[in-house]
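Here are my notes for anyone opening this structure for the first time. Have the sequence and the 3D view at hand while you read.

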Amino acid sequence: LTQFEALLREAPQRIEAIRVGKARPVLDKTNLETLLATENLERIEPLLSQEQLALQQARETQRKQADELARLLVGSKGLSEEIASRMKTLEQIDADLQIPLTEQQPSLSKAQTLILKTRRMLRQTELDLFRLRIANHDTLTNLAQAERDHASTEIAERQERLNALSQAAQKLREARARQVRQEAEAIRSTIETLPKPLQVIAHENARYQVELEELTTRGQSVSRDLQAARLGLDEIKSDYERTRQRVDVVGASEAIGKMLKRRRDALPSLQSYRRTSAERSVEISRATDRQIDIDELLHERGDIRAEVSKTLETLPEAERPLFEQETVQLARDQRNALNELQKVYGRYIGQITSLDLAERQLVEVAGDYIDYIDDQLIWIPGPGLSALLDPVGLGKALAWMLAPSHWLELTQDLWTLMQQRIVWLVLMLGLFLLLMTKHTKFTEHLRE
């Protein structure tokens, strides 16, 4: 209660500070530009991780403020009900306190009285808090709006910084991969002049560089998809909470029904996630297997000097001094390429695993949202049976069901429905069989 009173006292100054821009977090653009100008990937990557975490926290703050604002905007109906409930509870506690103490077991009677007084203090504090909220409803609404806009501004600025850092880091990774590949291609032009054992190493190095460049490109695509999935998850969570609050306050109405149908149509499809998830699982397995192979190669090849000596032993003794420098360079390039692949594969597997987790969470939340919408739509008045018999809509539905390309999706939907609504399906099937039995008996009775 004391903290809430302090919040109300400071609310006007906080609102004014946000409106004039004094409460905005200080994000030093000069230091960011200086860091980007260094083109130092080792310094950019830690800051990139920090900005990703800060952006996630800012989005969480925005979601909380949006939820608070939604609760305030739907009106004071809930607060009035809470106040009435607390007052009724206080009246009951006061009535209990008026009951005289029994002479038997005085310690127990005193303990009961102490518990009642403690409960009364707690409920009185809650009642005072609710009354403060309803008395300062406009101030709290203005504060929530200001905090929401403040969080949105911070998100926009941090997103801009994150985009700059992500683009710079990706460009540096691509530039590094291109540079190494160009060096490998330059060496490839002289491969024909090398002995056969050195040609094998040079060809391996070239393949490693091509693989590294392709992996860097795939990582960039996964990073974009991951950001989009996290943003979509936050948006669905916020919209779900706001919709629940609106339905609780407004109740079942035709307007709410239309809103719920629009929300349902906009939610992601479970079938599309199943396809992409299956493909992603294959990619995760492939990348993990490849990372293990690279780890084994690095372990088997051990020290560079040992590899150089082993390779030189395959050459004629007279050629060893002539190709020793090329052998050392090729071994170093191979070691560097494998180390870089090991690091990039680790980052890539982490990204694609995070993407799969984010999309799985998104689909789970969307599924709960869809179930909630379906449950609410049952109680909302609709256009009636005439809508089900609409020739255009019925024709489209039948055409969709009869299309062979939709049979797999239809089967998956039916299986999902059986898992989620098995009791209802059994009851409906039993009712259908009962009606058919009654119809048959009634028909036979008429014939008699």
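The points below go through confidence, aromatic rings, salt bridges and cavities.

1. Confidence first. Keep in mind that this is a predicted model. The chain has an average pLDDT of 78, and 81% of the residues reach at least 70. Which elements sit at the two ends of the scale? Helix α11 has the highest mean pLDDT among the elements, 87, while helix α12 (residues 385-388) has the lowest, 48. I'd keep those values in view when reading the rest.

2. The aromatic pairs. There are 2 of them in the structure. One is tyrosine 240 with tyrosine 369: the ring centres lie 4.7 Å apart and the planes meet at 20 degrees, which is under the 30 degrees cut-off, so this pair counts as stacked. Look for it between two helices, with tyrosine 240 in α7 and tyrosine 369 in α11, 129 residues apart in the chain. Tyrosine 240 has a relative accessibility of 16% and tyrosine 369 one of 1%; buried means under 20%, so both tyrosines count as buried.

3. The other ring partner. Tyrosine 240 also pairs with tyrosine 372, and here the geometry is tilted, at 5.7 Å from centre to centre with 55 degrees between the planes. This pair again links distant parts of the chain, tyrosine 240 in helix α7 and tyrosine 372 in helix α11, 132 residues apart. Tyrosine 372 is buried, as is tyrosine 240. Put together, Tyr240, Tyr369 and Tyr372 make up one aromatic cluster.

4. Salt bridges, starting with α7 and α8. The search of the whole structure turns up 19 salt bridges. In one of them, arginine 263 pairs with aspartate 239, with 3.0 Å between the closest N and O atoms. Arginine 263 belongs to helix α8 (residues 254-266) and aspartate 239 to helix α7 (residues 196-250), so to speak distant parts of the chain, 24 residues apart. Buried or partly exposed? Aspartate 239 is buried at 14% relative accessible area, whereas arginine 263 is partly exposed at 24%.

5. A bridge from α11 to α9. Glutamate 359 and arginine 280 also form a salt bridge, with an N to O distance of 2.8 Å. This one spans 79 residues, from arginine 280 in helix α9 (residues 270-301) to glutamate 359 in helix α11 (residues 320-378). Arginine 280 has a relative accessible area of 8%, so that residue is buried.

6. A bridge inside α11. What about a pair within one helix? Aspartate 356 and arginine 360 are 4 residues apart in helix α11, about one turn of the helix. Their side chains form a salt bridge with 2.8 Å from N to O. The two partners fall into separate classes: aspartate 356 is buried at 11%, and arginine 360 is partly exposed at 33%.

7. A network. Do have a look at Glu51, Glu154, Arg158 and Arg161 as a group, since these four residues are linked by a network of salt bridges.

8. The largest cavity. The structure holds 2 cavities of 30 Å³ or more. The largest has about 70 Å³ of space. Its lining consists of Gln170, Arg173, Leu215, Thr216, Gly219, Gln220, Val344, Arg347, Tyr348 and Gln351. Helices α6 (137-188), α7 and α11 are the elements that contribute two or more residues to this lining. By class, the lining has 5 polar, 3 nonpolar and 2 charged residues.

9. The second largest cavity. Its volume is about 40 Å³. Which residues line the second largest cavity? They are Arg173, Arg176, Ala177, Leu212, Thr216, Glu340, Val344 and Arg347. Each of α6, α7 and α11 provides at least two residues of this lining. Sorted by class, the lining of the second largest cavity has 4 charged, 3 nonpolar and 1 polar residues. Arg173, Thr216, Val344 and Arg347 appear in the lining of both cavities.

10. Where to look again. If you have time for one helix, try α11: it carries the highest mean pLDDT among the elements, holds tyrosine 369 and tyrosine 372, and gives residues to the linings of the largest cavity and the second largest cavity.

Conventions. Residues are numbered from 1 along each chain as its sequence is written. This is a predicted model: local features need pLDDT of at least 70, side-chain atom pairs count only at pLDDT 80 or more; totals for chains, interfaces and linings use all residues. Side-chain values use heavy atoms; hydrogens and water are left out. Buried means under 20% relative accessible area, exposed over 50%, partly exposed in between (1.4 Å probe, protein chains only). On a 1 Å grid over the protein atoms alone, a cavity is a set of points where a 1.4 Å probe fits but cannot get out, and a pocket is an open set with protein on both sides within 12 Å along at least five of seven lines; lining residues have an atom within 4 Å of a point. Grid points are joined across faces, edges and corners, and a volume is the space filled by probe spheres set on the points. Ala, Val, Leu, Ile, Met, Phe, Trp, Tyr, Cys and Pro count as nonpolar, Asp, Glu, Lys and Arg as charged, and the others, Gly among them, as polar. pLDDT is the predictor's confidence in each residue, from 0 to 100. Rings of Phe, Tyr and Trp (its six-membered ring) pair if their centres lie within 6.5 Å; planes under 30 degrees apart count as stacked, over 60 as edge-to-face and the rest as tilted.
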